[in-house]
Structures are given as C-alpha cells and as structure tokens.
Amino acid sequence: MTSTRPRVLVIGAGFGGLAAAYELSRDGLADVTVLEKADDIGGVWRENTYPGAACDVPSNLYSYSFARKTDWGRRYAEQPDILGYIHDTADRFGLRDVVRTGVEVTSACYDDDTATWRVETTTGDVFEADVLVPAVGQLSRPALPNVPGLDTFAGPSFHSAQWRHDVDLAGKRVAVLGTGASAIQFVPRIRETAEHVTVFQRSAPYVLPKPDRAYTHAHHAAFRTVPGFAAAMRNLIWEISEFFGLALTRVAPLARLIGIAASANLKRHIKDPVLRAKLTPDYPIGCKRVLFSSDWYPALASANVDVETEAITEVTPAGVRTADGRLHEVDAIIYGTGFKATEFLAPMTITGRDGRDLQSEWAEGARAHLGVAVPGFPNMFLIYGPNTNLGSSSIILMMEQQAGYIRQIVEELARGGVARAFEVRRAVEQAYDAEVQARLDAGVWTTCDSWYRVASGRVTTNWPGLVHEYQHRTRAVVFADYDVVLPDRAAKKVGA
C-alpha cells in the first residue's frame with residue numbers, strides 16, 4: 001500500500017484553524033495550507049480590540065494543550081495577551097510558514113472526477129486540495145440590528161468588533177445598542193471618559209461576579225517551578241467549568257442556584273428599585289449566555305449612564321428614537337449586537353458531491369455529524385462547526401478535539417493514497433442530529449430567543465453535553481460511519 005501526503009486546505013487562522021494546522025502538519029503528515037482573509041493571524045482576538053476586551057474563561061484553561069502558558073498577566077487574560085499568545089505559539093511551531101494572509105475564500109467546489117476540492121479566492125488564486133477544513137468560527141461576522149436609518153446617523157457609528165480607535169469618545173454622548181458579552185466589557189471603560197452613555201437593552205442578562213486579579217511573581221514562580229501545579233490548576237478550572245455546564249444542560253436545581261447567585265449580585269450593586277427592575281432577566285437562567293463582570297452593574301448605576309428599555313424604532317441623523325417617541329440625541333453609536341453565529345460558512349459558496357449546495361442543505365439550520373462532517377461533502381471537515389459551541393468551559397478544548405479527529409481521517413488517507421474521500425453516511429448524521437436536537441429540546445436553550453437559534457427555533461450552535469462527553473465521542477473515528485468515495489473516473493461509491 002502506498003503512502004502519500006494529502007493536501008489539506010484550512011480556511012481561517014484563528015485558534016481553530018491553527019489547531020488544525022498544527023495537528024495535520026505534525027510529523028509531516030500532510031501538506032497544509034491555511035488561507036486567512038485578514039492581514040494577520042488571530043481570528044476573533046485580532047478583530048476584537050474594544051476597550052476592556054478579555055476572555056471570560058480563566059486563562060489557565062484558555063490555551064492549547066500542546067502549548068500551555070504559565071505566565072499569563074491575569075486570571076482572565078485580556079485581548080493583547082491572548083493575541084500575543086497566538087502569535088508566540090504560531091512562531092514557536094512554525095505555523096506562520098503555512099499561512100497565507102490577505103486571501104479570502106469565495107467558493108469551494110468538490111470535483112467528483114478527481115475526489116478533490118477546488119477553492120477560489122478574491123485574489124484570483126485557485127487552490128486544489130484533497131481535504132478541506134473550514135475553520136471560520138461562529139463569532140466572526142458582526143451582526144447589526146434590523147433598525148431603519150442605521151446609515152443616516154451623522155456621527156461615527158461602528159460595531160464593537162470593528163472598533164474605531166480614531167474616534168475619541170471623551171466628553172461625548174454615546175449610545176450603546178446591546179447588553180451582551182462585549183458590551184459588559186467596554187461600557188464600564190468608555191463611561192469613564194464619556195459625558196453620557198445610554199445603554200439600549202432588549203433583554204437583561206444574568207451577570208455573575210468575575211473573580212479576576214493580576215497574577216503576581218509568586219503565582220508565576222509556582223506555575224513555572226512547582227511540579228504539576230499548573231496542570232492541577234488547569235484541571236481544577238476545567239472541572240469547575242464542567243460543573244457549570246452540567247447546571248446549564250442537565251441539572252435544573254444547580255441552574256437555580258446559579259440564578260440565585262446572579263440575583264444576589266444584582267441586589268448587591270443596584271439599589272435603585274426602578275433600575276433593578278430593568279436589569280432583572282425575564283427568562284430562565286442559561287437560556288441566553290450567562291455573563292461575568294464585576295464592574296457592569298456599578299457602571300450602570302453611575303450618574304452618567306442610563307439604561308433604556310423602550311424598543312428602538314429608528315436611527316436618525318441626530319440619534320436613536322424609541323417606541324415612546326423620544327429622540328435620544330447622541331454623538332456616537334456603538335453596536336454591541338453580537339455576531340451572525342448561525343450563518344455557518346457564509347458568505348462562501350460550498351458545493352459538494354453531485355453539485356449539492358451547502359446552504360440549501362442547511363436551509364433549516366446547519367448540522368453536521370459531531371459538528372465535523374456533512375453528508376454529500378466528502379473530505380470536508382469543520383472546526384467549530386454546528387452544535388459544538390459551549391455554554392461554559394474553553395472552546396479551545398473542543399477545537400483541539402476536532403483537529404485530532406480530523407487527523408485520524410487524514411492519516412487513513414495518507415496510508416491508502418489520496419485518490420478517494422471519506423463521506424459521513426447520511427443515516428449516521430441523521431441519527432446523531434436527532435439525538436442532539438432531542439437533548440437540546442429538553443434543555444434551557446429552547447426556552448427563549450437567542451443567538452443560539454435560527455428562525456425555526458432550532459439550536460444550531462451549542463453542544464448539549466459536557467466537554468468530557470464530546471472528547472469521549474470523538475476520541476476515535478468510527479470509520480464504519482463513513483463511505484469511501486472514489487473518483488468518478490475510477491469507480492463508483494462503495495461501502496467503507
């Protein structure tokens with residue numbers, strides 16, 4: 001049996017794409033190329049540079065298992081440190097050598113005759129690969145609200161993921177639309193210099209204190225020199241996050257305890273009964289993302305911040321108009337309105353076997369076996385695909401697991417020659433999806449509207465279990481779940 005190096009094309013150079021590049025190029029397994037549309041690596045941590053940008057997963061757990069970092073500056077790392085870690089890791093393992101920046105993929109088409117992928121880009125370059133690994137993430141495309149007049153505002157306006165550092169907010173009246181994970185980080189920062197900040201809220205989040213602190217020299221010395229200390233801390237944080245995930249996915253009494261803690265946090269900081277009523281969530285805890293901050297409520301209680309709960313009807317050249325007819329005149333508008341998380345792989349056009357269009361296949365919502373493999377799309381394997389997002393813990397753990405799963409398939413391709421492809425059986429994917437959706441339907445994420453769900457109500461983003469379970473299910477590829485697809489010019493599809 002011959003052995004060869006499959007050509008692997010990875011799309012995206014964030015945490016997920018680089019994890020795939022490391023795993024698939026390790027030991028010279030494959031010829032890996034990573035295409036990145038931006039001018040540098042880093043993904044969301046390159047793009048999100050707003051004031052206060054930081055991770056809400058403890059830094060000990062927010063790193064690759066193959067490149068653990070022991071000298072984080074804080075318990076919860078801030079954006080510059082995380083981006084620096086990504087750069088350092090890429091340099092350390094030579095991953096920059098396989099990344100081509102400034103190349104945006106527009107389409108990818110599976111060639112039935114050769115069992116390969118043909119990928120086209122905005123630069124006009126065309127790539128061919130045996131294996132396609134989209135790793136563009138769920139939180140990479142900013143979403144703007146569906147409100148009339150967004151383009152009419154006379155002052156500066158921008159999304160939090162496209163922060164305008166050339167806009168000085170000092171002394172300005174600022175409107176912030178949204179109260180999600182980004183807003184709770186940048187609002188406390190901008191209100192320190194802004195004349196006034198009006199936060200427009202559609203629904204109040206549950207907020208828990210964030211036990212952040214700067215690491216001292218003693219911490220760093222212990223992480224560096226005490227045998228097993230860094231690993232023990234990482235494992236402890238992981239188990240705590242799994243406990244939190246258990247509360248959100250399986251054990252309602254635990255969720256109620258977290259809700260009680262969030263309510264106590266609100267009462268502790270917000271004494272005004274009117275403001276407290278505005279900031280009290282009206283949906284079950286966990287239905288939307290639970291947030292962590294120790295300065296969100298103090299910021300909202302400050303004299304130069306107002307919380308507006310009237311619905312927005314339009315944006316005008318002068319400001320934001322609400323349903324009560326009031327025009328809130330402002331000098332700048334910041335959209336903290338999240339991302340198009342459910343529009344997987346958009347705006348790329350992906351065409352699979354026999355001309356299948358991926359977005360048509362996903363018309364009722366994105367789905368994939370183990371979040372990785374899609375029937376009709378041979379040798380295409382996703383990183384951070386449908387139903388692999390987490391309500392707790394570190395997404396890097398999921399991405400690394402997916403990269404290891406894909407490596408097993410690429411190893412099999414390398415052993416047997418690359419003129420063939422693996423395609424997950426439709427019945428296998430359907431059974432898996434039915435199980436996942438049944439578990440999600442029984443959980444909290446279907447009890448309110450959120451960015452986890454598509455218009456039909458289907459949850460396409462989140463994994464309904466713990467990271468440990470996902471690791472167990474993806475530890476070894478079950479090749480019986482796949483068909484082997486041979487090139488049309490050589491043979492028809494046969495069972496694996």
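These legends walk through several close-up views of a predicted model.

**View 1. The largest cavity and the residues around it.**
Let's start inside the protein, where a search of the whole structure turns up three cavities of 30 Å³ or more. The view here is centred on the largest cavity, which holds about 70 Å³ of space. To find your way around its lining, look for Glu242, Gly245 and Thr249, then Leu390, Gly391 and Ser392, then the tryptophans Trp445 and Trp463, and finally Gly465, Leu466 and Val467. Helix H6 (residues 229-249) supplies the largest share of this lining, with three residues. Sorted by class, the lining has five nonpolar residues, five polar residues and one charged residue.

**View 2. A disulfide between Cys287 and Cys448.**
How many disulfides does the model contain? The count comes to one. Cys287 and Cys448 are the two partners, with their sulfur atoms 1.8 Å apart. The link ties together distant parts of the chain, as its two ends are 161 residues apart. Cys287 sits in the loop between helix H8 (273-278) and strand S12 (291-292), while Cys448 belongs to the loop between helix H12 (426-441) and helix H13 (467-474). If you look at the S-S bond itself, the angle about it is -120 degrees, and the link of Cys287 and Cys448 is left-handed.

**View 3. Cysteines, buried or partly exposed.**
This view turns to how much of each cysteine is accessible. Cys287 has 0% relative accessibility, so this end of the disulfide counts as buried. Its partner Cys448 has 11% relative accessibility and therefore counts as buried too. Is Cys55 buried or exposed? With a relative accessible area of 4%, Cys55 is buried. Cys109, on the other hand, has 35% relative accessibility and counts as partly exposed.

**View 4. An open sheet of three strands.**
Here the strands run in the order S14-S15-S16, and their pairing is antiparallel. Which strands stand at the edges? They are strand S14 (312-315) and strand S16 (327-329); each has a single partner strand, so one side of each is left without a neighbour in the sheet. From one strand to the next, the twist averages 25 degrees. As a reminder for reading the view, strands of a sheet pair through backbone hydrogen bonds, either parallel or antiparallel.

**View 5. The hairpin of S14 and S15.**
Moving in on one half of the sheet, you can follow S14 and strand S15 (residues 319-322) as they pair in the antiparallel sense over three bridges. Two positions make handy landmarks. Glu314 stands opposite Arg321 in S15, and Val315 has Val320 as its bridge partner in that strand. S14 and S15 form a hairpin, and three residues lie between them.

**View 6. The hairpin of S15 and S16.**
The other pairing in the sheet is between S15 and S16, which run antiparallel and are joined by three bridges. A good place to begin is Gly319, which stands opposite Glu329 in S16. These two strands also form a hairpin, with four residues between them. Which residue in the turn has a positive phi? It is Gly325, with a phi of about 90 degrees.

Definitions and conventions
Residues are numbered from 1 along each chain as its sequence is written. This is a predicted model: local features need pLDDT of at least 70, side-chain atom pairs count only at pLDDT 80 or more; totals for chains, interfaces and linings use all residues. Side-chain values use heavy atoms; hydrogens and water are left out. On a 1 Å grid over the protein atoms alone, a cavity is a set of points where a 1.4 Å probe fits but cannot get out, and a pocket is an open set with protein on both sides within 12 Å along at least five of seven lines; lining residues have an atom within 4 Å of a point. Grid points are joined across faces, edges and corners, and a volume is the space filled by probe spheres set on the points. Ala, Val, Leu, Ile, Met, Phe, Trp, Tyr, Cys and Pro count as nonpolar, Asp, Glu, Lys and Arg as charged, and the others, Gly among them, as polar. A disulfide is a pair of cysteine sulfur atoms within 2.5 Å. Buried means under 20% relative accessible area, exposed over 50%, partly exposed in between (1.4 Å probe, protein chains only). Two strands pair if DSSP finds at least two bridges between them. Axes are lines fitted to C-alpha atoms, for helices over the stretch in contact, and angles run from 0 to 180 degrees between N-to-C directions.
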